[in-house]
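This briefing covers the interface between two chains and how the two copies are related. Please view the structure alongside the text.

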Protein chains: 2
Amino acid sequence: MPLTGIRVLDLTRIISGPYCTMILADLGAEVIKIEAPGEGDPVRHQGVVRDGLSWYFANYNRNKKSVTLDLYTAQGKEVLADLIASSHVLVDNYRPGVLQKMGFGDERLKALRPDLVRCSITGFGPSGPYRDRPAFDFIAQAMSGFMSLNGGEDDPPMRVGPPISDLVAGVNAALGVVASLLRRERTGQGDTLDVSLLGSMVGLLSFHASNFFASGSVPSRTGNDHGLVAPYGLFATADGQVAIAPSNDAMYQKFIDALGLPMLREHPDFETNAKRMRNRPALKALIEERTRQHDSAYWITRLNQYGVPCGPVLSLKEVFEDPHVQSQQLAMDVPHGAHGPVRMLDLPIRFEQACRGSPRAAPALGADTEEVLKQLGKTVPDIEALRSQGVI
Amino acid sequence: MPLTGIRVLDLTRIISGPYCTMILADLGAEVIKIEAPGEGDPVRHQGVVRDGLSWYFANYNRNKKSVTLDLYTAQGKEVLADLIASSHVLVDNYRPGVLQKMGFGDERLKALRPDLVRCSITGFGPSGPYRDRPAFDFIAQAMSGFMSLNGGEDDPPMRVGPPISDLVAGVNAALGVVASLLRRERTGQGDTLDVSLLGSMVGLLSFHASNFFASGSVPSRTGNDHGLVAPYGLFATADGQVAIAPSNDAMYQKFIDALGLPMLREHPDFETNAKRMRNRPALKALIEERTRQHDSAYWITRLNQYGVPCGPVLSLKEVFEDPHVQSQQLAMDVPHGAHGPVRMLDLPIRFEQACRGSPRAAPALGADTEEVLKQLGKTVPDIEALRSQGVI
């Protein structure tokens with residue numbers, strides 16, 4: 001596995017950081033998750049909890065070890081220093097400056113571990129006027145411009161359902177860590193890297209940003225329609241609706257052939273894409289008159305035969321029942337002791353050689369405290385003393 | 001830089017693949033983009049084109065070299081074989097099997113370069129019933145369940161504006177390549193990896209998937225409201241609206257203090273989150289009565305003082321004028337010869353040590369053909385012959 005033998009000290013909670021370290025653990029790293037004694041990561045109690053186990057927590061903390069440690073005590077900080085010295089990577093998602101206030105500023109970290117790869121995930125970045133603001137996925141979606149591109153033309157800007165800014169920041173952070181580990185492997189040097197929720201969302205603005213930079217014209221929302229191409233979008237069928245994306249003129253010609261509406265080709269209102277954009281509602285009505293005559297399955301088969309990109313809009317239930325999704329093994333069952341198998345999303349990157357082995361269940365709070373402390377040279381009486389003082 | 005000295009052969013076009021190789025180039029790799037003679041990547045002609053340059057193309061193809069090569073000719077295939085033998089990484093976003101049909105199946109690739117890291121980006125993955133279907137961002141959004149989570153409760157499922165599935169597949173692919181390069185550095189072995197648009201989108205379903213797996217209950221759309229917490233969402237102010245995310249009870253208490261509405265604390269309709277969810281419209285009306293009395297700037301300052309996550313919903317113009325966004329240098333100007341500086345999005349990962357140097361402009365079509373062919377041992381007459389035959 002790519003990260004076999006790499007130890008990651010994980011000072012993260014909630015989702016952006018834990019997603020980053022989940023990826024590192026999936027890639028073979030030993031991830032030691034530090035949690036507050038008695039409490040732990042708040043996600044342990046979030047989402048649907050089944051027989052005392054949050055399946056949301058189980059997903060994002062698989063393959064990790066859990067060590068409890070009170071970082072507000074002098075003894076806890078001493079253990080943390082030992083852990084940093086024995087780790088290759090440190091990931092945190094504290095607000096900027098928190099680690100420094102705890103006594104672990106850049107110089108101390110460097111002294112403890114000169115080749116440390118240190119990754120910080122924040123809401124707004126390590127500097128700038130908003131650096132100390134509390135952050136949240138919804139706020140990053142709003143302030144990045146991402147929301148301004150979602151929703152119907154006449155509707156308010158629309159948030160995305162999944163916590164997209166946490167997830168994209170998490171994968172960016174994992175990429176940065178792995179790139180830094182490669183550089184470390186080749187040069188012996190560590191590095192410090194930063195990823196923010198806001199920056200990660202701005203990074204997704206894509207051609208909307210390019211077009212704005214080139215033209216100065218602010219893009220508007222177009223709902224499920226395409227800003228530049230018609231027809232395109234959701235079309236009603238006899239039993240639902242189908243997403244159809246004939247993104248250029250050649251595809252449009254195939255689309256009207258598949259519909260059996262070749263008369264559209266010569267129709268003065270629909271001859272060119274510009275005319276089709278102007279007469280979009282009339283064209284959509286003509287197309288839907290046709291698509292309503294058969295069910296979605298019929299159209300999906302037929303349009304694909306003609307090479308027109310299309311597909312159903314699936315609910316989560318339909319997604320995981322879909323034979324193709326099942327064939328790709330995008331979800332997996334991980335044995336969780338008495339909880340039995342827990343279903344979760346797999347990493348969407350498939351390696352032929354770098355075999356991942358069997359995934360291990362997310363740890364109970366503090367499950368690995370003793371083992372990890374013993375590795376640091378602590379004796380059983382040391383550990384008992386720390387436990388009785390509430391440090392671990 | 002992490003990927004200094006790594007050569008990436010780039011057989012991708014449009015956006016998922018070019019985003020992956022842009023990241024690899026940003027991290028220091030030498031990326032050789034293969035394009036069809038005379039045509040090139042279709043994105044060269046897409047988006048806003050200014051003085052003959054697509055700023056969309058310029059963004060996603062910075063720091064790369066362009067080599068024209070007709071892969072349908074025997075001579076073109078010969079050059080391709082030489083290029084593969086001299087590269088560490090091969091990235092393609094052809095449909096499954098296309099590279100094999102060209103004569104570059106897995107065994108041939110292995111023979112040409114035993115330690116090759118080979119990454120394939122497809123719409124639906126390398127196998128399964130839909131593997132040969134034409135793919136498109138919109139279709140991946142629809143079929144992954146992602147769209148089913150976006151939009152208002154009573155509205156149809158809503159697509160996201162940016163091409164999110166291409167972008168997330170691109171960053172997943174870059175992560176997989178860098179991880180494989182790290183494994184190669186440590187073991188000497190190459191690998192083959194796959195990333196799909198559909199799988200990358202399913203990978204974003206997050207706690208919605210966990211909750212569905214744990215409960216069997218299909219999540220519904222909640223627009224800008226939170227599925228489990230109220231108040232939460234967009235609130236009208238004197239001059240617009242503000243996104244406010246008090247995600248737990250402690251934050252709610254701070255929120256009503258910041259609003260100056262402490263009477264809500266004892267109000268029988270709003271005492272608990274469960275009651276606030278039931279009486280969401282009435283609560284929102286009471287809050288907006290208050291928030292409409294001041295402008296958005298007032299509320300953003302005040303709510304942040306109280307520690308309540310909040311922010312404005314910004315348009316692209318406002319985003320790039322925002323002093324904080326500017327302080328984080330999320331956009332940059334890259335000199336493009338006679339075109340002058342071209343503004344584009346920077347990589348949202350910041351390294352302290354791994355300095356990126358000055359970014360180089362996206363190449364003109366075939367700009368580096370001669371240089372790269374000479375490195376392969378071709379003479380000037382060889383190159384002239386290939387050019388006159390239309391191979392390059």
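The points below are grouped by extent, polar links, strand pairing and symmetry.

The model is predicted: local features need pLDDT of at least 70, side-chain atom pairs count only at pLDDT 80 or more, and totals for chains, interfaces and linings use all residues. Residues are numbered from 1 along each chain as its sequence is written, chains are lettered from A in the order in which they are written, and side-chain values use heavy atoms, without hydrogens and water.

**Extent**
- Chain A and chain B each give 137 residues to the contact (heavy atoms within 4.5 Å).
- About 11500 Å² is buried between chain A and chain B, 68% of it from carbon and sulfur atoms (accessible area, 1.4 Å probe, lost on being put together, summed over both parts).

**Polar links**
- Two salt bridges cross the interface of chain A and chain B (a side-chain nitrogen of Lys or Arg within 4 Å of a carboxyl oxygen of Asp or Glu).
- One of them joins the side chains of A:Glu185 and B:Arg186, at 3.8 Å from N to O.

**Strand pairing**
- Strand β8 (residues 191–196) of chain A and strand β14 (residues 350–351) of chain B run antiparallel and are joined by two bridges (strands are DSSP runs of E, at least two residues, numbered from the N terminus; pairing needs at least two DSSP bridges).
- A:Leu193 has B:Phe351 as its bridge partner in β14(B).

**Symmetry**
- A turn of 180 degrees and a shift of 0.0 Å along the axis lay chain A on chain B with an RMSD of 0.0 Å (least squares on C-alpha atoms of residues with pLDDT of at least 70 in both).
- The two copies are therefore related as by a two-fold rotation axis.
- Both copies use the same surface, as 100% of the contact residues of chain A recur in chain B.

Key. Buried area = accessible area lost by both parts, 1.4 Å probe. Helix = DSSP H or I, 4+ residues; strand = E, 2+ residues; numbered from the N terminus.
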